[in-house]
Amino acid sequence: MPDSSAAKCPVAVVGAGTMGAGIAQIFAQAGHPVRLQARKRETLEAALRRVRVNQDELIRHGLLRSEDAEAARGRITVTQNLDEALVGAMFVSENVPERLDVKQPLFAELDRLASPETILSTNTSSLPITQVARDTQHPERVVGFHWFNPPHLIPLVEVIRGDRTADMAMDGTYRLAQSIGKSPIRVQKDIVGFVGNRLQRALEREFFYLERIGACSGADLEVALKQGLER
Ligand SMILES: NC(=O)c1ccc[n+]([C@@H]2O[C@H](COP(=O)([O-])OP(=O)(O)OC[C@H]3O[C@@H](n4cnc5c(N)ncnc54)[C@H](O)[C@@H]3O)[C@@H](O)[C@H]2O)c1
């Protein structure tokens with residue numbers, strides 16, 4: 001289980017597309033050694049380019065120092081090999097495509113390869129955590145850890161309990177999220193859409209409905225949202 005008070009635990013990030021690259025970046029910027037895994041070399045090269053672009057944006061806005069950015073990039077090791085990615089990893093963030101037929105066999109493999117105390121998290125946006133963990137021997141260590149895009153900018157992350165997720169996995173993930181500067185919430189039921197996206201979709205539905213019935217212009221609705229909601 002990751003202990004945020006001790007030395008920064010090694011993290012494996014599996015899948016190096018839009019989310020995997022940004023998540024590897026955030027863990028590395030928080031001081032964690034990161035192994036970023038993808039099957040294709042080009043994916044890994046593109047991910048490292050994406051990290052640099054994201055960091056340049058933060059540097060331009062005075063949110064990151066260039067020497068810290070460089071040090072963080074130095075903490076990211078890339079590999080095409082899943083076994084290698086998992087060596088010493090205490091926490092896994094899975095970021096492969098949103099398909100159960102891809103995630104289920106991957107989690108069976110992660111469960112087989114990772115050391116017994118390692119937490120296995122999925123960044124699924126919409127699949128039940130319980131289903132993602134279906135083919136593992138230890139579903140108690142599988143937890144939802146849902147980030148929002150772009151992961152280097154949006155503070156909210158959801159820590160989601162599957163039907164068999166243990167408190168150890170929930171609490172360890174929650175504390176880890178706090179320690180890397182994110183704003184975690186606990187989602188205690190494995191419900192469709194979890195919480196963040198449900199709230200956002202509900203607001204969007206109302207926004208477009210009010211605009212369609214002519215209750216308010218889009219511009220005025222934006223004022224209502226930006227100026228009227230409690231901050
Ligand atoms: N993009 C978003 O806005 C967003 C936001 C929150 C959560 N998510 C979730 O994050 C996950 C990843 O989404 P993304 O947008 O980064 O997708 P993406 O397509 O950008 O990246 C997925 C990567 O996984 C690789 N991949 C496929 N199978 C693999 C395997 N077996 N092992 C290792 N790598 C494999 C692909 O080559 C690709 O590089 C999905 O579950 C998605 O629902 C996405």
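**Exercise 1. Polar contacts of the ligand**

Determine which atoms of the ligand lie 3.3 Å from the side chain of Asn 149, and identify the further contacts made by Arg 39 and Met 19.

*Solution.* The model is a predicted one. Step 1: in the side chain of Asn 149, an N or O atom is 3.3 Å from an oxygen atom of the ligand. Step 2: the side chain of Arg 39 places an N or O atom 3.2 Å from a nitrogen atom of the ligand. Step 3: Met 19 takes part through its backbone, where an N or O atom lies 2.9 Å from a ligand oxygen atom. Step 4: the cut-off for a polar contact is 3.5 Å between N or O atoms, so these pairs qualify. Step 5: on its own the ligand has 830 Å² of accessible area, of which the protein covers 74%.

**Exercise 2. The shell around the ligand**

Describe the residues of the shell around the ligand and the elements that supply them.

*Solution.* Step 1: the ligand takes up the space of the largest pocket. Step 2: two or more shell residues come from each of α1 (18–29), α5 (100–113) and β6 (142–147). Step 3: there are 19 residues around the ligand, and those that come nearest are Thr 18, Met 19, Glu 98, Lys 103 and Trp 147. Step 4: by type, the shell holds five nonpolar, eleven polar and three charged residues.

**Exercise 3. Two backbone features**

State what marks the peptide bond before Pro 150 and the phi of Phe 194, and locate both residues.

*Solution.* Step 1: most peptide bonds are trans, and most residues other than glycine have a negative phi. Step 2: the bond from Asn 149 to Pro 150 is cis, its omega being near 0°. Pro 150 belongs to the loop between β6 and β7 (156–160). Step 3: Phe 194, although not a glycine, has a positive phi of about 55°. Its loop runs between β8 (183–187) and α8 (196–212).

**Exercise 4. The whole chain**

Decide whether the radius of gyration of the chain agrees with that of a compact globule.

*Solution.* Step 1: the chain contains nine helices and eight strands. Step 2: a compact globule of 231 residues would have a radius of gyration near 17 Å. Step 3: the chain has 19 Å, which agrees.

Technical notes
Residues are numbered from 1 along each chain as its sequence is written. This is a predicted model: local features need pLDDT of at least 70, side-chain atom pairs count only at pLDDT 80 or more; totals for chains, interfaces and linings use all residues. Side-chain values use heavy atoms; hydrogens and water are left out. A residue is near a molecule or strand if one of its heavy atoms lies within 4 Å of it. A polar contact is a pair of N or O atoms within 3.5 Å; within protein, one must be able to donate a hydrogen and the other to accept it, and residues adjacent in sequence count only if both atoms are side-chain atoms. Accessible areas come from the Shrake-Rupley method with a 1.4 Å probe; for residues, only the protein chains shown count as cover. On a 1 Å grid over the protein atoms alone, a cavity is a set of points where a 1.4 Å probe fits but cannot get out, and a pocket is an open set with protein on both sides within 12 Å along at least five of seven lines; lining residues have an atom within 4 Å of a point. A molecule sits in a cavity or pocket if more than half of its atoms lie within 2 Å of its grid points. Helices (H or I, at least four residues) and strands (E, at least two) are DSSP runs, numbered from the N terminus. Ala, Val, Leu, Ile, Met, Phe, Trp, Tyr, Cys and Pro count as nonpolar, Asp, Glu, Lys and Arg as charged, and the others, Gly among them, as polar. The radius of gyration is taken over C-alpha atoms; the globule rule is 2.2 Å times the number of residues to the power 0.38.
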